[in-house]
Amino acid sequence: MLSLWQESVKNADLGSGAGAPVVASVSGAYLHLMPILGHGIDIVETNRLRKMVDDHGQHFLDRVFTPLEQQYCARNHKRYYEHLAGRFAAKEAVLKVLGTGWRGGIAWTDIEVRSQPSGQPVVYLSGECLRIATELGISRWHLSISHIETHATASAIGLRAADATS
Ligand SMILES: CC(C)(COP(=O)(O)OP(=O)(O)OC[C@H]1O[C@@H](n2cnc3c(N)ncnc32)[C@H](O)[C@@H]1OP(=O)(O)O)[C@@H](O)C(=O)NCCC(=O)NCCS
């Protein structure tokens, strides 16, 4: 279900037509330039991830992280748990944007964090998460991750494509 604010953004008259009220026009231009539909942040203790891996091993890894994510994190042995925690924080941040939290029908692996050659993280959705994002009108993501030895944090922003009208 769309939040009131998301509903109002989705239904907003972009106000680009002649004769549109000035305020609506300014607000419409803002919406058109900044089609942000949601923002989520999360912070994770690195040790929490370490304990989950210690206790549940590969079963936990496979339930939460895609093969690509596992491969990426395993490349850096020293910061392995930091990379995992960063990806876990990213998944929770994306869930906050979707407004659902983790619940039935959603798999952690519906949210995949891929890394560009530059190291920049990118969100890829599938399954139920993709369905919810599509329903909200979100077609683009901005994701930022940061981690130190003890904690990882992530911020995710869901956007509507600038040229999308519905
Ligand atoms: C990209 C950079 C800013 C990351 O900052 P950092 O303090 O090293 O590390 P953080 O924990 O804050 O961030 C790490 C995360 O940044 C993200 N990241 C890496 N490169 C990125 C890039 N080019 N653009 C956006 N995000 C990036 C990744 O998600 C990474 O986590 P991951 O590898 O688990 O996916 C940093 O590596 C960098 O290039 N700094 C430029 C200055 C520099 O080179 N300093 C070193 C010599 S003084």
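Two strands count as paired if DSSP finds at least two bridges between them. Helices (H or I, at least four residues) and strands (E, at least two) are themselves DSSP runs, numbered from the N terminus. With that in hand, let's walk through the structure. It's a predicted model, where local features need pLDDT of at least 70 and side-chain atom pairs count only at pLDDT 80 or more, while totals for chains, interfaces and linings use all residues. Residues are numbered from 1 along each chain as its sequence is written.

The protein chain has six helices and five strands, and from the N terminus on they run α-α-β-α-α-α-β-β-α-β-β.

Now for the sheet. Three strands make an open sheet in the order E1-E5-E4, with antiparallel pairing. E1 and E4 each have a single partner strand, so one side of each is left without a neighbour in the sheet. From one strand to the next, the twist averages 10 degrees (axes are lines fitted to C-alpha atoms, for helices over the stretch in contact, and angles run from 0 to 180 degrees between N-to-C directions).

Look at E1 (residues 36-45) and E5 (residues 151-159): nine bridges join them. Here Ile41 has Ser155 in E5 as its bridge partner, and Val44 stands opposite Ala152. On the other side, E4 (residues 140-147) pairs with E5 over eight bridges, and His147 is bridged to Ala152. Just three residues sit between E4 and E5 in their hairpin.

Finally, the helix H5 (residues 80-98) lies across E1, E4 and E5, running at about 145 degrees to E1.

Key
Two residues are in contact if their C-beta atoms, placed from the backbone, lie within 7 Å.
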